[in-house]
Amino acid sequence: ASLKVGLVLLALIFTLEIYIAPPLQQKAIAHRAAAMEQSTELGKNLGIWTRNDRQILRIGNLQHDTRQASVEIINLDEQGNMSEYLHAEGFEIVSNEEWILHKVTRKIYTEDNIRSTTMDRLPWNTFLNPAQISTLTKPQESLSPAELFRYVQHLQSTGQEVDVYQLSLWKKLGGPLTMLGMLLLSVPFVFGSVRTGFANRLVMAGVTGITVYLLDQIFSNAGLILNLNPSFIALTPGILLIWIARVWLQRVP
């Protein structure tokens, strides 16, 4: 009976984690930023950075009106040297492939000199679509598995580091394993010896839950530092919990 109720709760939590929690959390972040008139940045005064093979893009102070967001674009030549630099005080998204940059300063670098020009408007063929910009401004824990998967593909195609986002993706997929392990681990506390006392079992269950959470966080961070495979980092705690719970259940009288 305990396992049946637990499995129903597990399915409910998994559904919330995958389909309901991410969009609601993203809306909450957007409403909070709008209410506090905050910009969306990845680090104070750093803005949002991304790149493809030949271009590096920085968007600073990204708010609801992109015309107020400054843009810096660095174009690289075949040797990886900077060949062109663009700075715009704002931009307008025309389509998935094109932006219009406003109040642009353009510098072209050659072996002999630097040519600088200014213009009010400049069309630019972007490598970021609006959905990817939205993903860049969201905390990784608020992204759904589908969004994380698409963003990981984008990072891999542009040669950027993907370990943190891959780990977030695998942790969402491995979350049910950890929850199942915790569910199985709770059964021995329910059917343990009566002499132990309900209060003692409750305290032991709470300490066990906190310990499992802390060890999971430590293992995740250590795995990133040691460059372990993200799938191994995310799935190992759940598999280990299920094994421990199975051994413990066999020893419950």
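Strands S5 (residues 98–109) and S6 (residues 114–125) pair in the antiparallel sense, with 11 bridges between them. Four residues separate the two strands, which together form a hairpin. Within this pairing, Thr105 stands opposite Thr118 in S6. Please keep in mind as you look around that this is a predicted model.

The hairpin belongs to an open sheet of six strands, ordered S1-S2-S3-S4-S5-S6 and paired antiparallel. Strand S1 (48–51) and S6 stand at the edges with a single partner strand each, so one side of each has no neighbour in the sheet. Neighbouring strands are turned by 20 degrees against each other on average, direction ignored. Elsewhere in the sheet, strand S2 (residues 55–60) runs antiparallel to strand S3 (residues 70–76), and six bridges join them.

Stepping back to the whole chain, the secondary structure comes to six helices and six strands. From the N terminus on, the elements run α-β-β-β-β-β-β-α-α-α-α-α. Of the 253 residues in the chain, 33% are buried.

**Salt bridges**

The structure holds three salt bridges, listed here with the N to O distance for each pair.

| Pair | Distance |
|---|---|
| Glu72 and Arg58 | 3.2 Å |
| Glu84 and Arg106 | 2.4 Å |
| Asp216 and Lys171 | 3.1 Å |

Let us take the pair of Glu72 and Arg58, which form a salt bridge. Glu72 lies in strand S3 and Arg58 in strand S2, so the pair ties together parts that are 14 residues apart in sequence. These two residues also stand opposite each other in the pairing of the strands, Arg58 facing Glu72 in S3. Arg58 counts as buried because its relative accessibility is 15%, whereas Glu72, at 22%, counts as partly exposed.

The side chains of Glu84 and Arg106 meet in a salt bridge too. Here Glu84 lies in strand S4 (residues 82–93) and Arg106 in strand S5, so parts that are 22 residues apart in sequence are tied together. Glu84 is buried at 15% relative accessibility, and Arg106 is partly exposed at 26%.

Among the helices, Asp216 and Lys171 meet in a salt bridge. This pair links distant parts of the chain, with Asp216 in helix H5 (residues 198–225) and Lys171 in helix H4, 45 residues apart. Asp216 counts as buried at 15% relative accessibility, while Lys171 counts as partly exposed at 29%.

**Aromatic pairs**

There are five aromatic pairs. In one of them, the ring centres of Trp99 and Trp124 are 5.2 Å apart and the planes stand at 65 degrees, so the pair is edge-to-face. Trp99 sits in strand S5 and Trp124 in strand S6, 25 residues apart, which links distant parts of the chain. Both Trp99 and Trp124 are buried.

Tyr151 and Tyr165 make another edge-to-face pair, because their ring centres are 4.8 Å apart and their planes are at 75 degrees. Tyr151 lies in helix H3 (residues 145–157) and Tyr165 in helix H4 (residues 163–190), so the pair ties together parts 14 residues apart in sequence. Tyr151 is buried at 6% relative accessibility, and Tyr165 is buried at 15%. Ring pairs also link Phe91, Trp99, Trp124 and Phe127 into a cluster.

**A nonpolar patch**

Finally, have a look at the surface, where Val5, Leu9, Leu12, Ile13, Leu16, Tyr19, Ile20 and Leu24 form a nonpolar patch with about 780 Å² of accessible area together. One of these residues, Leu24, lies in helix H1 (residues 2–35). Leu24 counts as exposed, with 53% relative accessibility.

Key: Residues numbered from 1 in each chain as written. Predicted model: local features only at pLDDT ≥ 70, side-chain atom pairs only at ≥ 80, totals over all residues. Heavy atoms only, no water. Pairing = 2+ DSSP bridges. Patch = residues over 30% accessible without salt bridge, like charges linked within 9 Å, V, L, I, M, F, W, Y side chains within 5 Å. Areas by Shrake-Rupley, 256 points an atom, 1.4 Å probe, with all protein chains shown as cover. Salt bridge = Lys/Arg side-chain N within 4 Å of Asp/Glu carboxyl O. Buried < 20%, exposed > 50% of the residue type's maximum accessible area, 1.4 Å probe, protein only. Phe/Tyr/Trp six-rings, centres within 6.5 Å; stacked < 30°, edge-to-face > 60°. Axes fitted to C-alpha atoms, helices over the stretch in contact; angles between N-to-C directions.
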